[in-house]
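This briefing introduces one structure to a reader who has not seen it before. It takes up helix packing, a single helix face, and a few individual residues.

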Amino acid sequence: MSYDKLFSPMKIGNVEIKNRVVMAPMCMGFGQYNGCATETMMDYYEERAKGGVGLIFTEITRVNDLTGASSYGQLGMSHDYQIPALRQMADRIHSHGCKVMVELHHPGRQNVGLMIGTVPICIAGEKIMGNLYTEILTKGVIPVGKKLQENHIVPRTVSPSKCERSKMSDSINRGLSKKAVKKYICQFVEAAVRVKKSGCDGVELHASHGYLIQQFLSPNTNKRTDEYGGSLENRMRFLCEIIDGIRKNCGPDFPIVVRLTVDEMYDRIGMPGKGYGLEEGLKMAKILNDKGIDAIDVSSAAYDTFNYWLEPTTFECGWRKYLAQEVKKVVDIPVIAANLIRSPKQAEEQLDDGVQDFISLGRPLIADPHWVNKVKNGDENLIKRCVCCLNCFESMMENAYKYDHGKCSVNPFVGRERTEMLKNGNGRKVAVIGAGPAGLTASELLAKRGFHVTVIEKNSTVGGQLNLADKPPHKDKLDWVCHDLYENALKLGVQFKFDTVADINIINEIGPEIVINATGANAIHPKAFGGENVYTVSQILDGSVKLENKTIAVIGSGMTGLETSELLIEQGNKIKIIEMADKIAPGAWFQQLDDALPKLEAANTEFITGHKLVSINNQGIELECVANGSKKSVSADCVVLSLGVRPDTSLFDELKATNNYLKLYNIGDSSKIGRIANATESAYQLVSQIR
C-alpha cells in the first residue's frame, strides 16, 4: 500500500513538519526532582526522532512546582535553570529532522495531596544529601505519606472551585482565588517563554483529560460565579488569557497547539448530562480556531471516564475518530488526533478520508520507536504493535513514588535506549523451548547478538499462554504480541520447529551450547475439586470444552476469571463468580475492572465475595465464609476453576538432572508467574547476562 499522505509534509503555523506522524505527549517518569531533562529522557525522545516521527510533543511539563507537579520524574518549565537541558534535548531531536513542542500542564484537582509542596523540598533535599535523599524519600517518607493521603491528612489540591473529588486521585480540593487564577495564567505564559528560549518549535496547552485548564472548561468542576465561570465564554477565559499572554510574549510566529477534550464522555459511564458533551466541545474548538491558535489536538474524556481516552485492549481501533471528523467541520486549522490508530493502513485511510490532518501515536511509539521508518522502508510487518495492555501507564503510576519510570510489555528497551547488546554470539547454537513472549523475545535478542537460535514449539503456531488470553471477547489484539516477535525473529534468521514436543533427544540433535526453557505454566486444578462437571479456565479458553445454556460457578475473580466469564456469557451461560477476598479482582488495575465489570453486571452476573470453595457436588458448590466460617450452598450446573497457574518445569527439571547442559536457563512463566511485561523483561535480563 502507498502511504503518500502519511509521508507528505504539512505546516503547523509557520513550522513545517516533514510527515504527518506526531508523537503524543505521555509522562513516563524519566525526569528528576528539579524538572530538568535527564540523559535518559533525551535518549528516549531522540530514539523516536531517529525512528522517523515528524513532531514530538513532550510529556506533561509543569509550570508550577508547589501545586502543579504530578510526578517526581516530570519535566518542568517553571524556572530558567531548566532551559539549558531542554535546549540540549531539542538540539538532539532536531538533528534527526524532527520538530519538538512542549506540552504545558497543571493537574489541578487530579493531583494527589502528597505532591502538594513536596517537590521544592525534594529539590533542596537532593542538593544537600544527594542520592541518599531519594532512598530516604522512597523507603521512609513516601510510605508514611501514602497512609496520610489515604486518610486525607495532606494538603488540598487546587481546582477552579471546590468540587467533587477526582475518581483516580480522590484528593480533597480547594477553589482558586481570582488572584491565584491570574498568577497561574502568568505561570503558563512564563513557561512558554522559556520553551521558546530553549529553541523548541512551539507549545501545546493541555486542556484535556480533566487537568486544570479543562477543569475551567467543564461545568462539572467549574462552579465559579465570577468572569471565569458560568457561561461557556467565561469558562474559556482562563485558556484564552493564557493564549493571549503567549502571543504577546512569544510573538505571532510561535505555534500554539491546544489539546482539547471535546466530549467528557460521562454518558458512556451512565451519567448523561454531567460535564459537557460533543456539542459544547465543538463550540470550544470553534472559539479556539477563531482565537488564532495554530492547531487543535482532539481528545476526549477525563480521569473520571479514563477508559475513553486511554483505552484497554477491548476497544476497537478508530472508535472515536468521529470526534476529530466533527471538529474538522468547524475549524480551518490542522487537526491532530490519536483515535486508537494501530496500523499505517488505518492512519492513511483516516488522512485520506479527511478525519484528521496529523496522526498522533502515543503508546505505539513506546512499543516501537521506529514505527515510522519501518512503514517508510516497507517493513511494516516488523512493527511491534501496542496491544493496549495499559502496562505503560500502570507501571508509570506504580513507579512514580519510587523515582522510577514506566515500562512497556513488548519493548524492554524503554528507558534503556542507549543500551547496546554485545554482538559476540559468533554462531554459537541456542535451543529455546517454547514460543511464547519470553521464548520469542529471547530468541530475537540472541539472534541480534549473533547466536544461531532454534525455537522448539509443541503447537503449530507461536503464542504460548497468549493463545488462551486472546480468546475472551475483544481480546484479539493480544495475538499481536507473539506474531510481531515471530516476524522479527524470522527476519533475523531464527529457525522454528513447530508441532514438536521437546525432549532430550531432540535437543541433542540440535547440539546447543545454551538451552533456554520457556515452557510456560499450567492451570491449577486441585485434586480435591474433581468431578465430571468441573473444568479449568484453560479448557474453556482453548475450546476443548464448550458450555452452553448452563448456570456456571466461576471460582476466582482475577482478570482471567472475569474475562473467561465474559466468554461464557457470550456462549449463553448464566454466571456466578466466587471470590475469597472481600472485593472482586483484588490487585487488578482499575481500568481493567472498569472495562470488565459493567459487561458482567449487564448480564446479571452474581458476585459472591468473602467466601472460599469447600466442595463440589452434582447440585453445585459448598462455600465457607472467610470472616465467620458459616457455610453456604450455591446451585450450579458446572464449575470453572480460575485459581491461577503454576510454572511448568517438567522439562527443565529433567534437563537439569542430566547435567549435560552447562548453560541451562529457565525464563518466563516457567520460572515465575507474571504478565507479558514480566516475560519479556525476564528474557531481556537473561540475554543481557549471557556471555
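Angles between axes count as roughly parallel under 35 degrees, roughly antiparallel over 145, roughly perpendicular from 65 to 115, and oblique for the rest. The axes are lines fitted to C-alpha atoms, for helices over the stretch in contact, and the angles run from 0 to 180 degrees between N-to-C directions. The model is predicted: local features need pLDDT of at least 70 and side-chain atom pairs count only at pLDDT 80 or more, while totals for chains, interfaces and linings use all residues. Residues are numbered from 1 along each chain as its sequence is written, and side-chain values use heavy atoms, with hydrogens and water left out.

**Helices α9 and α10**

- Two packed helices are described by the angle between their axes and the distance between the axes.
- The axes of α9 and α10 cross at roughly 45° and come within 10 Å (helices are DSSP runs of H or I with at least four residues, strands are runs of E with at least two, and both are numbered from the N terminus).
- The two helices α9 and α10 are therefore oblique to each other.
- The crossing of α9 past α10 is right-handed; a crossing has this hand if the near helix is turned clockwise from the far one by less than a right angle, and is left-handed if anticlockwise.
- From α9, L278, L282 and A285 meet Y322, L323, E326 and V327 of α10 (contact means heavy atoms within 4.5 Å).
- Six nonpolar residues, no polar ones and one charged residue make up the contact of α9 with α10. Here Ala, Val, Leu, Ile, Met, Phe, Trp, Tyr, Cys and Pro count as nonpolar, Asp, Glu, Lys and Arg as charged, and the others, Gly among them, as polar.

**Helices α8 and α9**

- Helix α8 (residues 237-250) packs with helix α9 (residues 278-291) at an angle of about 20°, and their axes are 11 Å apart.
- That angle makes α8 roughly parallel to α9.
- Helix α8 also passes α9 in a right-handed crossing.
- On the α8 side the contact is made by L239, C240, I243 and D244, and on the α9 side by I287, L288 and K291.
- The residues of this contact of α8 with α9 divide into five nonpolar, no polar and two charged.

**Helix α22**

- In helix α22 (residues 650-658), the buried residues are L651, F652 and L655 (buried means under 20% relative accessible area, exposed over 50%, and partly exposed in between, with a 1.4 Å probe and protein chains only).
- These residues are on the same side of α22 because they cover an arc of only 100° around the axis; the arc is that of the directions from the helix axis to the C-beta atoms.
- An α-helix has 3.6 residues a turn, so residues three or four places apart point the same way.
- The other side of α22 carries the exposed residues S650, K656 and A657.
- Strands β14 (429-433), β17 (514-517) and β28 (663-666) and helix α18 (504-510) are what the buried residues of α22 pack against.
- N659, just after α22, takes a positive phi of about 60°.

**Buried residues in strands and a helix**

- H105 is found in strand β6 (residues 99-105) and counts as buried, at 0% relative accessibility.
- The C-alpha atoms of H105 and A69 are separated by 9.1 Å, with the two positions 36 residues apart along the chain counted as their spacing.
- Not counting residues up to four places away in sequence, H105 touches I60, T61, R62, V63, S70, Q74, F188, H206 and Y211.
- R259 is found in strand β10 and is buried, with a relative accessible area of 10%.
- Leaving out residues up to four places away in sequence, R259 touches P25, E103, E204, L205, H206, A207, S208, H209 and D297.
- T441 lies in helix α15 (residues 437-448) and is buried, with a relative accessible area of 3%.
- Beyond residues up to four places away in sequence, T441 touches L485, T680 and A683.

**Positive phi in loops**

- M265 is found in the loop between β10 (256-261) and α9; its phi is near 65°, a positive value in a residue other than glycine.
- M265 counts as buried, at 0% relative accessibility.
- A301 lies in the loop between β11 (295-299) and α10 (321-328), and its phi is near 70°, again positive in a residue other than glycine.
- A301 is buried, with a relative accessible area of 0%.
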